[in-house]
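This report covers selected local features of one protein chain. Please read it alongside the sequence and the model shown here.

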Amino acid sequence: MKQIILFILLISLIFTAACGTNPAKGTDKEQEQFAYEAKEIYSVNGGKGISSIAMRNNGDLAVYNYYEKKIYVFDKKGSKTGEAEVGENWDGVLAFGKDNKLYALLQYREKNENNENILLKRKLQVYDTQGNAIESQSGIVEIKGESKYLTGETIDKIEIDSKGNIYCLKVSEEVEVLDTKLKNVTTRQGKKFLDIDIDEEDSIIGLCYDSGSEVYIEKISSKDHRSIWKKEHDSNEAAKSIHYNAAGKTLYGLNEKGIFKYDDKGNIKGYIADITQLSGLENMYRFIVDEEEKIYAFGKDGSQSKLLAYAKTEKKEQEEIDKKEILLYSYYPRDDYIHQNMINVIRKFEEKHPEIKIKFEAHDNLQQINTELLTGKGPDILCGIYPAMGYITKGVFLDLNQMINADNEFNKEDYNEAVIEGSKYEDSLYIMPIIYTKQFYIGNKKLLDDKKIAIDMEWTWRDFYEIMEKVKQKGIYAAPTYPEEFILSEMIKDGMDYYIDWGNKEARFDSKEFIETLKLLMAIRSGNFEHPEAKPFPKNGRNLELIQNNTLFYPDFRSGSYEFTYVLSPYSDILLLPRPKPEYGGSKSFLAYNAGINSNSKYKDEAWKYIKYLLSEDIQFYIGENDIPVNKRANERVLEIQLEPMKKSGFDADANLQAFKDINGSLNKNEALRVPDELFNTIWEEIKTYLSEDKGLEETVKTIQNKVELYLNE
């Protein structure tokens with residue numbers, strides 16, 4: 001659950017401007033001499049298969065299998081040495097005590113027919129050092145309360161002090177201390193804990209935050225609860241989980257850049273392994289570092305849950321000399337899941353092509369990338385969600401048609417040709433979409449049917465306006481209330497290509513078509529467009545009722561997952577639609593993670609070989625779990641995977657499946673090729689003065705025309 005919370009926090013960055021720092025590099029000289037190699041210890045099908053791990057002083061590992069309800073024990077070499085069956089419906093969180101006994105805190109939530117929590121049960125089992133005999137256990141403790149409260153009471157992690165007390169990190173981000181009978185000893189309040197550990201003196205080390213604060217590390221005395229030290233870190237260095245090695249008296253942290261260690265005051269000393277060395281897991285949930293700085297981590301890798309060990313090995317510099325090294329930058333500031341996927345894919349590619357080495361760097365500073373590329377430097381391959389027009393018009397990127405036409409193994413029919421064609425600029429393909437998402441309108445089918453409103457896949461913004469007018473007197477609105485102009489700006493952006501001729505550097509914003517578009521925009525904005533009380537992202541209560549009963553559409557829902565469209569929809573019966581088309585132009589855009597080859601690269605053939613590998617069926621299936629694969633067969637496999645749980649959950653999974661596929665096939669504009677933000681923002685600011693009636697229509701159109709012409713001729 002904690003990982004879901006962190007994931008949601010990262011996704012919220014979609015509404016913030018991209019800025020930041022360079023990718024972290026280890027500061028320890030030791031890191032320059034050693035690399036980490038991954039070895040799989042244990043895996044199970046299902047992303048939730050492993051729910052907890054713990055390490056004994058001698059290096060033994062205990063693993064809880066959520067699906068089998070079993071505990072497995074492995075020795076330091078990774079060989080299984082024992083197992084214990086828990087049974088029933090229990091999930092378990094594990095920790096070894098100072099006496100090397102294994103504590104398993106078991107819990108499960110009973111639900112009613114509405115999938116609401118009605119009861120939380122807990123019990124404790126303690127295993128002796130043999131790992132298979134129960135020494136003692138508590139009785140079953142039952143906790144009652146409302147569904148949300150019981151979710152918050154669920155325990156995410158435990159640590160054991162020298163007295164056998166159990167420090168419980170709860171989903172509510174509180175820390176509650178329990179005895180072996182699961183009676184409350186104390187509760188640590190006043191701050192939010194993202195993670196905890198306990199040192200050899202029983203002091204709590206907390207990864208915390210409080211209101212208005214950055215994430216910080218704090219060491220808290222177990223005796224009088226006073227703060228021993230506290231250290232805040234910038235967001236780009238903050239950990240998302242921690243581990244304390246008592247034998248080495250060292251605290252370690254994990255973030256999107258890698259695993260690092262702190263000094264005894266919470267200052268970061270340096271990275272022991274950057275993220276490029278920690279391949280094999282798409283999402284890393286928890287980690288352990290032993291005395292030799294061997295790393296153990298579990299998490300999700302595609303459809304599997306895995307426990308991996310990362311052992312230090314000396315770097316073999318001589319072997320690297322004979323390899324062709326490709327530098328790859330990835331710009332994706334919204335989340336780091338794609339970066340971890342890329343690292344795993346690179347590892348697989350290098351195993352298949354040992355003559356090629358790919359050096360991966362994750363970046364969130366687009367200005368730095370621009371400076372490098374526009375001065376003839378930069379990476380061999382640039383991947384990400386960057387705006388591409390500047391690179392293309394200045395000759396930075398290679399036309400990939402050259403590589404495709406010379407490659408007999410590459411068959412365009414294997415891929416979604418609509419998104420590839422939509423990524424072309426003047427018949428040249430400078431960027432290759434790897435995975436993508438698109439924006440839907442989720443229609444309230446019940447309400448649309450009740451009002452006898454029919455919509456087809458080619459509907460326009462004028463159709464949208466006429467639908468608004470049809471229900472104008474009935475207290476029904478088109479959509480919930482979103483941030484200012486969040487939806488309407490897309491109406492203008494989708495038509496930009498109709499008004500700008502990039503090749504001839506001409507604009508036609510003073511045309512009757514654009515004037516008609518602005519009049520329609522004003523009419524929509526002034527009508528019953530957004531419900532003044534209904535907010536997006538409903539959970540329950542009156543707000544959800546307002547959306548279900550008084551809005552027709554849930555607009556601009558961006559998703560690459562057919563399943564998520566249903567799961568996250570506020571409507572029980574939906575009609576899946578594309579975003580309305582503008583009257584003129586008619587771009588149907590998609591947001592892609594693109595790859596481009598630097599025209600100055602020495603290794604163009606090798607770079608193309610890697611891009612082609614990214615588009616292969618198995619790799620597309622692997623990286624396309626939350627996005628839409630470009631490879632047709634991989635996309636079919638992803639849909640098959642999504643349909644099964646949808647049907648089990650009671651959704652009519654076939655109702656909009658063809659619409660989902662039709663929308664995919666109709667896309668024609670890669671957002672990387674849309675009007676640059678700086679130009680569109682200039683246009684939109686002028687439009688806002690018209691919408692607020694501070695400037696007349698003719699004056700607005702004339703000002704936009706002049707500003708765009710100036711931009712095109714600079």
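## Local features of the model

Setting aside neighbours within four places in sequence, Leu 327 is in contact (heavy atoms within 4.5 Å) with Lys 359, Glu 361, Gly 378, Pro 379, Asp 380 and Ile 381. Leu 327 sits in strand E26 (residues 324-331); helices (H or I, at least four residues) and strands (E, at least two) are DSSP runs, numbered from the N terminus. One of these partners, Asp 380, is 53 residues from Leu 327 in sequence and 5.3 Å from Leu 327 in space, C-alpha to C-alpha.

The model is predicted: local features need pLDDT of at least 70, side-chain atom pairs count only at pLDDT 80 or more, and totals for chains, interfaces and linings use all residues. Residues are numbered from 1 along each chain as its sequence is written, and side-chain values use heavy atoms, with hydrogens and water left out.

Four residues described as buried are listed below; buried means under 20% relative accessible area, exposed over 50%, and partly exposed in between (1.4 Å probe, protein chains only).

| Residue | Place | Relative accessible area |
|---|---|---|
| Ile 155 | strand E11 (residues 155-160) | 4% |
| Asp 202 | loop between E15 (192-198) and E16 (204-209) | 8% |
| Glu 293 | loop between E23 (283-289) and E24 (295-301) | 8% |
| Ser 587 | loop between E33 and E34 (589-597) | 12% |

Not counting neighbours within four places in sequence, Ile 155 is in contact with Val 93, Leu 105, Gln 107, Arg 122, Cys 168, Leu 169 and Lys 170. Glu 293 is 138 residues away from Ile 155 along the chain, and their C-alpha atoms are separated by 28 Å. Glu 293 is not a glycine, yet has a positive phi of about 60°. Asp 202, also not a glycine, has a positive phi of about 70°.

Ser 587 touches Asp 494, Asp 497, Pro 582, Asn 668 and Lys 669, when residues up to four places away in sequence are not counted. A polar atom of the Ser 587 side chain lies 3.2 Å from the backbone oxygen of Asp 494.

Two helices come next. In H17 (residues 604-614), 8 of the 11 residues are buried, so the helix is largely enclosed by the rest of the structure. The buried residues of H17 are Glu 606, Ala 607, Trp 608, Tyr 610, Ile 611, Lys 612, Tyr 613 and Leu 614.

In H20 (residues 657-666), the buried residues are Leu 657, Ala 659, Phe 660, Ile 663 and Asn 664. They lie on the same side of H20, because they cover an arc of only 165° around the axis, the arc being that of the directions from the helix axis to the C-beta atoms. An α-helix has 3.6 residues a turn, so residues three or four places apart point the same way. The elements covering the buried residues of H20 include helix H9 (417-421), strand E29 (432-444), helix H16 (562-567), strand E33 (574-578), strand E35 (628-629) and helix H19 (632-648).

E29 and H20 each also supply at least two residues to the lining of the largest cavity. On a 1 Å grid over the protein atoms alone, a cavity is a set of points where a 1.4 Å probe fits but cannot get out, and lining residues have an atom within 4 Å of a point. The volume of the largest cavity is about 120 Å³, a volume being the space filled by probe spheres set on the points. Its lining has 13 residues, and the closest to its centre are Gln 439, Pro 578, Arg 579, Lys 588 and Ser 589.

Methods
1 Å grid on protein atoms, 1.4 Å probe; cavity = no way out; pocket = protein on both sides within 12 Å on 5 of 7 lines; lining within 4 Å. Polar contact = N/O pair within 3.5 Å; in protein donor to acceptor, adjacent residues only side chain to side chain.
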